[in-house]
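Take a walk through two helices and the cysteines of this chain. Start with the structure itself.

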Amino acid sequence: MKRILSALIVASCMAGFSGMYASAESGKLSTGNVNGDESVNAIDASIILREYADASTGKPSTLTYEEKIAADVNSDGSVDAVDASKVLQYYSYIATGGVGSIEEMLSNNSSALVEPLVLSGNPEDIYITKKPEYITSETIDFYVDEGIELSGDITVKFESLLDLVETATGMEFNGKKYIGEAIDDDYSWLIESYFGDAFNCFSPDKTKLNIIVVGEEKDLPYCINGFVLLNPCDIDIDSREYTTAPHEMIHALHLTNGTYFSPVLTEGYACYMTGQLIEKYGYKYNNDYRWNYVGYGNIWTKENAEAEFLKEREDNWECYIYGYRLLTYLNEVYGDDIFIRLLENAEEYSGMNYGDDSLNYEGMSAKVLKETTCETVFEDFAMWIEANEYRFWPDKYEG
């Protein structure tokens, strides 16, 4: 999101800020024309972004009711970065010879929404996208870049995988349980950041899992709320060479059922549950899964285990290694529902601003972990891992 906001702000600055808060009396307000200067341009986008930033940080609005109506370009009841994006889209459209009002441009885009690509369902059929494509199914929507190879049954495979992940985690994805950041935000900006206007202002269905597929040169896999980004190799489930797709799906289930935890807990849960998919739920993988998280040896002692958990790491890979072991311990000692209980006990912290050093994500996660288990959970983990570290090295595994 920061990347999109930065781009919008830069574009706005290029237009200049003089008269940015001109009175509405200087002209007639209209959709996108927030300052009443009878022109929809980057200055209006800047006003919209300022309003969005103020609202996001709890500051009072500086806009009148009429100005808010003009700023709500897509008429969804909120003033946000999507509205600013559409203002800049129209500004660019006019600057390159476009004609008509912003409403006409949006209407034309809406009526020209890309038709979903319909695949055969046959796993033997291979389709290579020649342009960005939209594929929809009952529970998942795909946004796929050009030049990506798809099997005819990709939707069936991913729906089955989502069912498997839901069964293993005990959570359901429906885009409605989220209690952290607002999943109700319009995430069309995320689609536009990779595909531009290829999907013509398409607004994603947040009741479904949304999967973006782009090459590694554009981005690497991640999850943001109910949106998962994958690379072409990750959607080749039949190769059994990668576990990225279930890993990111587990993040999506987590983030649509509760708040974000520290990287150790968040990544540890996804790593542990992916291992469970392989060991207990029949997800086929060609290699010994534990090879993904070997390394560093046993660095945890009774004296440093909590400090290691609280540490903000430069080497994020440590989060996966520590987290995989910690979540294995928690599930074996406190039961398979331990992560769901952590989410339930963390509900009071959802939506908080963790910029305050007194309680960052690591601090909040440690507090909830102790409240849900016991005060000595980190010391207990250190003793457990000392006796069980051999289990996480395939060449030392004895059963």
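Gly-335 follows helix H11 and has a positive phi, near 105 degrees. The model is predicted, and that angle is computed from it. H11 itself covers residues 317-334. Its 18 residues should span 26 Å at 1.5 Å a residue, and the end C-alpha atoms lie 25 Å apart, so the length agrees with expectation. H11 is mostly covered, with 14 of the 18 residues buried.

Now turn to helix H6. This helix runs over residues 154-169, 16 residues in total. From first C-alpha to last, H6 reaches 22 Å, close to the 22 Å expected at 1.5 Å a residue. Which residues of H6 are buried? They include the hydrophobic-named set Ile-154, Phe-158, Leu-161, Leu-162, Val-165 and Ala-168. Thr-155, Lys-157, Glu-166 and Thr-169 are buried too. Just after H6 comes Gly-170, with a positive phi of about 75 degrees.

The cysteines come next. A disulfide is a covalent bond between the sulfur atoms of two cysteines. How many disulfides does the model hold? The count is zero, with a cut-off of 2.5 Å between cysteine sulfur atoms. Take Cys-271. The closest cysteine sulfur belongs to Cys-319 and lies 9.9 Å from that of Cys-271, so the two are too far apart for a bond. Is Cys-271 buried or exposed? Its relative accessibility is 0%, so Cys-271 counts as buried. Cys-374 has 22% relative accessibility and therefore counts as partly exposed.

Key
Residues numbered from 1 in each chain as written. Predicted model: local features only at pLDDT ≥ 70, side-chain atom pairs only at ≥ 80, totals over all residues. Heavy atoms only, no water. Helix = DSSP H or I, 4+ residues; strand = E, 2+ residues; numbered from the N terminus. Expected span 1.5 Å × (residues − 1). Buried < 20%, exposed > 50% of the residue type's maximum accessible area, 1.4 Å probe, protein only.
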